[in-house]
Amino acid sequence: MIKKLKAFLNKFVNKLFKKKSTIKLGFYGPPNAGKTTLANKICQDWLGEDMGSASKIPHETREIQVKEKVIIKSGKKELDFNIIDTPGIATKIDYEDFLRHKMSKTQARKRAKEATKGVIEAIKWLDNVDVVIVVLDSTENPYSQVNLTIIGNLAARDIPVLIVANKIDLKRSKIKKVEAAFPQYPVIGISAEKGKNIEKFYKEVFKLV
Amino acid sequence: MSYREHANLLTEEKLKRILKITKQNKIILMQGRLKAHEEAELIEKTMSQITRDFAGISFCVINPQQNGKQQVPFSTKLKNSIYNMTLGKRDFLTIIGPATIVREIRKNPTKIDLLINQSKRRK
């Protein structure tokens, strides 16, 4: 209740004084959905540099990464963002899963330990973002509890959300399924890796702020 | 776990009980659902307790009243909202299990598949 009131007052004051010069844009989602790939694409487009390393091995991002002063233009508008890339949220982390990616036991255990801390950190950061891009892998089932928990928590905090159905370049991609799962939110299909629909993505982001 | 059994518990107690049961390799069928912040806290607490033997949890919330693409009449929606407001969200069913046993819970969205791991013991 207090959080909601605080969020409402913040929004009201910011609107009143048009104070929000920098928007904290968070990237949330399950592991391997393409959060860092999308954050990298944005940073490459507007800063000419990457944000972090992306990998096919889950939990590559295990710490919050922040890129400040990313000025994005869409049409005639220009906004200043702090981009916050978060570790993928999961309910389970089994070090044995990393062994399948040719890691040693020590490496796998270390990665698992860091990943658990990353998930905790990502959840804590929910209170520090203004707008959230929920990045989902459009080839996966969107009804996973992690997705529903993330979106439920954003709704409870009254944070504007854009759902990105990533990896639309893949044949197994089912954007309609993502749209059906979250009918109350805007959904945009993109391929962060190939840069497909990125202009449309920027337009959707500007609609949220 | 009936609704009455957990509804009046503090979040801390509720989550402690859930994790205690799942760590005993048991699957919980809970009447009702956790609040959004409780679900997030459950994930946080689970992460802080992960060890070699406890890899986390799988959980899923289903609403048996939900009929997929079928349109729910307004009167039913209203009746359910009043029911939920006065008696709590008892219609929901939450399934929580240890990840070492419950490999995956697939929700699709009107049915669920509970995929169980075959005996997995670690040395």
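These are my notebook entries on two chains, A and B, of a predicted model.

**Entry: the sheet in chain A**

I began with the strands of chain A. I found an open sheet of 6 strands, and I wrote down its order as E2-E3-E1-E4-E5-E6, with mixed pairing. Which strands sit at the edges? They are strand E2 (65-74) and strand E6 (187-189) of chain A, each of which pairs on one side only. From one strand to the next, the twist averages 30°.

Next I looked at one pair inside that order. Strand E1 (residues 22-28) and strand E4 (residues 131-137) of chain A run parallel, and 4 bridges join them. To have one spot to look at on screen, I picked A:Leu25, whose bridge partner in E4(A) is A:Val131.

**Entry: a helix on the sheet**

I then asked which strands H5(A) touches as it packs on the sheet. My note reads E1, E4 and strand E5 (161-166) of chain A. The direction of H5(A) makes about 170° with that of E4(A).

**Entry: the nonpolar core**

I turned to the buried nonpolar residues. The largest nonpolar core has 66 residues. Which of them have the most contacts inside it? I listed A:Ile83, A:Ile89, A:Val134 and A:Val164. As background for myself, nonpolar side chains tend to be buried together in soluble globular proteins.

I followed A:Val164 a little further, leaving aside its neighbours within four places in sequence. Its contacts include A:Leu38, A:Ile133, A:Val134, A:Val135 and A:Leu136. A:Ile188, A:Ile190 and A:Phe201 are also on the list for A:Val164.

**Entry: where the chains touch**

How many residues does each chain bring to the contact? I noted 16 residues from chain A and 22 residues from chain B. On the side of chain A, helix H4 (105-124) and helix H5 (145-156) are the elements that give two or more residues. The largest share there, 5 residues, comes from H5(A). I also sorted this side of chain A by residue type, and it divides into 7 nonpolar, 7 polar and 2 charged. So H5(A) turns up twice in my notes: it packs on the sheet, and it gives residues to the side that touches chain B.

**Entry: chain B**

Last, I looked at chain B by itself. I found 4 helices and 5 strands, and along the sequence they follow the pattern α-α-β-α-β-α-β-β-β. Of the 123 residues in chain B, 24% are buried. I also checked contacts in chain B between residues at least 6 apart in sequence, and 76% of these join residues at least 24 apart.

Conventions
Residues numbered from 1 in each chain as written. Chains lettered and ligands numbered in written order. Predicted model: local features only at pLDDT ≥ 70, side-chain atom pairs only at ≥ 80, totals over all residues. Contact = placed C-beta atoms within 7 Å. Nonpolar A, V, L, I, M, F, W, Y, C, P; charged D, E, K, R; others polar. Core = buried A, V, L, I, M, F, W, Y, C linked by C-beta atoms within 7 Å. Buried ≥ 20, exposed ≤ 12 C-beta atoms within 10 Å, placed from the backbone. Pairing = 2+ DSSP bridges. Axes fitted to C-alpha atoms, helices over the stretch in contact; angles between N-to-C directions.
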